Amino acid sequence: MRRVVDRQAVIQDFTEAWNSGDPAIDDFLAPDFRFIGDPMHLGVSLGRISIQQMRDEIPGSVRLTIRELIDLDGGRVLTLGMAGLSNERGDYAQQIGWIITVDDEGRLVSTEGFADHAAARQAAGVESGPG
């Protein structure tokens with residue numbers, strides 16, 4: 001019997017793991033996970049990367065907040081929210097969007113980042129909303 005994956009719940013759980021600094025965060029990833037785009041221009045590696053490696057490359061800490069999740073086709077979820085960066089220079093927050101693909105096993109296959117909600121909605125083919 002095929003398991004039904006709640007992709008939005010997977011993304012919520014992943015976000016909680018990111019924000020808590022969970023060292024097992026890479027357990028959320030499919031073996032061929034890819035990170036596409038660097039919307040905050042943090043200089044992190046793109047392509048095949050572990051999330052732990054990405055966190056280590058960030059100049060400070062980033063806290064993620066999800067405001068809206070919209071299921072798309074092909075296991076993709078449009079994820080709209082905010083990202084806050086804290087480092088020795090201060091605190092910075094920006095609107096951010098992702099198209100996250102989650103496989104049938106509940107693992108992240110790819111995360112494509114966008115610098116704002118409008119760009120993410122446009123890439124996903126979703127009409128503008130409140131964010």
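Which residue just after α1 takes a positive phi? In this predicted model, the residue is Gly21, with a phi of about 75°. The helix that Gly21 follows makes a good starting point for a tour of the fold.

Helix α1 covers residues 7-20, and its 14 residues, at 1.5 Å each, should span 20 Å; the C-alpha atoms at its two ends are indeed 20 Å apart, in agreement with that expectation. Arg7, Val10, Ile11, Phe14, Thr15, Ala17 and Trp18 are the buried residues of α1. Viewed down the helix axis, these buried positions fall within an arc of 160°, so they line one face of α1. Glu16 and Ser20, on the other side of the helix, are exposed. The buried residues find their packing partners in α2 (51-57) and in the strands β3 (61-71), β4 (76-87), β5 (90-102) and β6 (108-114). At the start of α1, the backbone nitrogen of Gln8 lies within 3.2 Å of a side-chain oxygen of Asp6.

The interior comes next. The largest nonpolar core contains 26 residues, and Trp18, Ile25, Phe33, Ile51, Val62 and Leu108 have the most contacts inside it. Two or more residues come from each of α1, β1 (29-36), α2, β3, β4 and β5, with α1 giving the most, five residues. Leaving aside residues up to four places away in sequence, Ile51 touches Phe14 and Trp18, along with Ile25, Asp26, Leu29 and Phe33. A second core, separate from this one, has seven residues, among them Ile70, Leu80, Ile99 and Ala124.

Charged side chains add another layer to the picture, with four salt bridges in the structure. In one of them, Asp104 meets Arg7 at 2.7 Å, N to O. This pair connects distant parts of the chain, with Asp104 in the loop between β5 and β6 and Arg7 in helix α1, 97 residues apart. Arg7 counts as buried because its relative accessible area is 18%, under the 20% cut-off, whereas Asp104, at 36%, is partly exposed. A salt bridge also joins Asp73 and Arg76, again with an N to O distance of 2.7 Å. Here Asp73 is exposed, with a relative accessible area of 53%, while Arg76 is partly exposed at 24%. Arg107 and Asp103 form a further salt bridge at 3.0 Å, N to O; Arg107 is partly exposed at 29% relative accessibility, and Asp103 is buried at 17%.

Key. Residues are numbered from 1 along each chain as its sequence is written. This is a predicted model: local features need pLDDT of at least 70, side-chain atom pairs count only at pLDDT 80 or more; totals for chains, interfaces and linings use all residues. Side-chain values use heavy atoms; hydrogens and water are left out. Helices (H or I, at least four residues) and strands (E, at least two) are DSSP runs, numbered from the N terminus. The expected span of a helix is 1.5 Å times one less than its number of residues. Buried means under 20% relative accessible area, exposed over 50%, partly exposed in between (1.4 Å probe, protein chains only). The arc is that of the directions from the helix axis to the C-beta atoms. Contact means heavy atoms within 4.5 Å. A polar contact is a pair of N or O atoms within 3.5 Å; within protein, one must be able to donate a hydrogen and the other to accept it, and residues adjacent in sequence count only if both atoms are side-chain atoms. A nonpolar core is a set of buried Ala, Val, Leu, Ile, Met, Phe, Trp, Tyr and Cys residues joined through side-chain atoms within 4.5 Å.
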